[in-house]
Amino acid sequence: MEYENYQSPWMNDELAMLQDAARKFFNKEFAPHVERWNEQGYVDRSAWNQAGSAGLLCAEIPAEFGGGGGDYRYDTVIMEEMHRAGVTGWGNQVHSSIVAPYIKHYGSTEQKQRWLPQMASGDMVGAIAMTEPNTGSDLQAVRTTAVRDGDEYVINGSKTYITNGQQCGMVIVVAKTDPNARAKGISLIVVETDDNPGFKRGRNLKKMGQKSADTSELFFEDCRVPVGNLLGETEGEGFFQLMNQLPQERLSIGQAAVVSMERAMDVTLDFVKERQAFGQRVLDFQNTKFTLAECKTNLRIARTFVDQCLVQHMEGKLDATTASMAKYWCTEQQCDLIDKCLQFHGGAGYMDEYEISRLYTDARVQKIYGGTNEIMKELIGRTLG
Ligand SMILES: Cc1cc2nc3c(=O)[nH]c(=O)nc-3n(C[C@H](O)[C@H](O)[C@H](O)COP(=O)(O)OP(=O)(O)OC[C@H]3O[C@@H](n4cnc5c(N)ncnc54)[C@H](O)[C@@H]3O)c2cc1C
């Protein structure tokens with residue numbers, strides 16, 4: 001469906017050109033490999049360099065540091081086209097829209113020069129490691145420590161469920177520089193992974209969906225990095241840096257939910273127009289029409305909501321509560337809508353060869369990562385007074 005008479009208010013001619021180029025790139029270069037990538041459990045490492053050469057990495061990073069010189073709208077366009085082409089497991093949202101912006105916002109000029117050009121070319125893949133085997137939602141309770149020893153930090157701890165964990169050349173580690181404090185004891189420290197004997201990659205975890213996404217355990221055992229790898233001027237700023245950046249991450253999850261719903265509607269409409277039962281198209285049953293009418297309405301509401309959030313974000317006005325609403329509500333809608341769409345496929349909906357099956361299994365994690373939807377409601381609830 002070309003979303004008929006709706007046009008995102010933030011779109012312009014330049015973004016439309018990027019959209020066109022990204023669409024062609026993903027359909028030609030990535031889509032043919034998706035099935036193989038799903039089977040092997042990761043996207044080929046060379047895909048990052050290919051995307052870098054095509055200008056599809058770090059779109060919101062200034063050109064002086066090798067990036068696209070755009071803003072978050074550019075990353076949005078690229079993310080949307082990736083989903084439309086069915087390339088759901090590639091961790092570019094983490095790399096370009098989460099990790100690179102931390103360096104952009106909190107890195108020194110020297111740090112930006114060191115990491116961003118390599119990230120923009122695809123030579124270095126980025127990851128961020130918050131979650132640990134014993135703590136996810138309660139971020140202030142992380143146990144990984146970074147103890148200063150002369151000009152180095154010595155990092156010890158384990159992380160899990162880390163996107164891009166197998167391929168990352170750098171990882172932003174959420175660690176306690178003051179283990180006795182909660183929020184104020186947290187710092188963000190970059191670990192460069194090559195030739196670092198204290199850094200170890202664990203398993204690439206098998207998952208129900210997003211099968212080509214590399215989601216890994218990471219271990220830090222007396223892992224030494226220069227003190228110059230701290231992000232920010234002083235220790236203890238990490239939690240506040242995270243809180244400032246999480247709205248963009250949460251918005252991006254809400255936006256991904258919307259584009260997945262659009263894709264689900266497209267494939268479902270194709271199916272129900274084709275499929276016959278009791279001498280008529282499945283679409284012609286009133287139940288199908290009414291349910292899909294509800295889906296289409298909810299989808300339009302979700303689309304206009306995330307578009308409005310994006311406009312607010314561009315104006316620097318997207319607050320954490322609204323971003324939490326976008327993440328929570330759109331991902332709930334995504335799971336609900338895709339479930340209904342799958343039902344209209346009958347048995348075919350359960351078969352891997354139908355795209356709706358993959359959309360269904362890919363969707364489930366959206367309610368979990370980036371802060372669970374319960375945590376989103378907790379955050380929204382705090383504003384009730
Ligand atoms: C595919 C995938 C990719 C991921 N990528 C990354 C990554 O790149 N980097 C990273 O750091 N992490 C990543 N994560 C981790 C993810 O962010 C966490 O799984 C998530 O934040 C939840 O943490 P947890 O798994 O420890 O669950 P827990 O925090 O143990 O929660 C368990 C349950 O308790 C509920 N709960 C917890 N606290 C409350 C509360 N106060 N009120 C009500 N209910 C509560 C939760 O909502 C949940 O239902 C990823 C996870 C997945 C599955």
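This note goes through the domains, the ligand shell and several individual residues of a predicted model.

1. Domains. The domain assignment divides the protein chain into domain 1 (13-123), domain 2 (127-236) and domain 3 (240-384). The centres of domain 1 and domain 2, taken over C-alpha atoms, are separated by 22 Å, and the contact between these two domains draws 18 residues from domain 1 and 18 residues from domain 2. On the side of domain 1 that touches domain 2, helix H2 (34-40) and helix H5 (92-106) each supply at least two residues, with H5 giving the most, namely six residues. By class, that side of domain 1 consists of 10 nonpolar, seven polar and one charged residues.

2. Trp37. This residue belongs to helix H2, the helix that is among the contributors to the side of domain 1 touching domain 2. Trp37 has 20 other C-beta atoms within 10 Å and is therefore buried, since 20 or more is the cut-off for that class. Setting aside residues up to four places away in sequence, Trp37 touches Tyr42, Val43, Asp44, Gly89 and Ser212. The C-alpha atoms of Trp37 and Lys211 are separated by 7.8 Å, although the two residues stand 174 residues apart along the chain.

3. The ligand shell. There are 20 residues around the ligand, of which Met130, Gly136, Ser137, Thr372 and Glu374 come nearest. Strand E1 (125-129), strand E3 (152-163) and helix H11 (373-381) are the elements that give two or more residues to this shell. Its residues divide into 10 nonpolar, seven polar and three charged. Because domain 2 (127-236) and domain 3 (240-384) both give residues to the shell, the ligand lies between them.

4. Leu116 and Cys58. Leu116 lies in helix H6 (residues 109-121), and the presence of 23 other C-beta atoms within 10 Å is why Leu116 is described as buried. Leaving aside neighbours within four places in sequence, the contacts of Leu116 are Cys58, Ile61, Phe65, Gly66, Gly67, Ala100 and Ile103. For one of these partners, Ile103, the C-alpha atom is separated from that of Leu116 by 7.5 Å, and the two residues are 13 residues apart along the chain. Another partner, Cys58, sits in the loop between helix H3 (46-53) and H4; Cys58 counts as buried because it has 34 C-beta neighbours inside 10 Å.

5. Positive phi values. Most residues other than glycine have a negative phi, and two residues deserve a look on that account. Cys58 has a phi near 55°, a positive value in a residue other than glycine, and Asp222 likewise has a positive phi, near 50°. Asp222 lies in strand E7 (residues 215-226). With 11 C-beta neighbours inside 10 Å, Asp222 counts as exposed, whereas Cys58 counts as buried.

6. Helices H4 and H8. Helix H4 (residues 72-84) packs with helix H8 (residues 286-314) at an angle of about 150°, and their axes are 10 Å apart. This angle makes H4 roughly antiparallel to H8, because angles over 145 degrees fall in that class. Tyr72, Arg73 and Thr76 make the contact from H4, and Leu310, His313 and Met314 make it from H8. Sorted by class, the contact has three nonpolar, two polar and one charged residues.

Conventions: Residues numbered from 1 in each chain as written. Predicted model: local features only at pLDDT ≥ 70, side-chain atom pairs only at ≥ 80, totals over all residues. Near = placed C-beta within 6 Å. Helix = DSSP H or I, 4+ residues; strand = E, 2+ residues; numbered from the N terminus. Nonpolar A, V, L, I, M, F, W, Y, C, P; charged D, E, K, R; others polar. Domains from an automatic or database assignment. Buried ≥ 20, exposed ≤ 12 C-beta atoms within 10 Å, placed from the backbone. Contact = placed C-beta atoms within 7 Å. Axes fitted to C-alpha atoms, helices over the stretch in contact; angles between N-to-C directions. Parallel < 35°, antiparallel > 145°, perpendicular 65-115°, else oblique.
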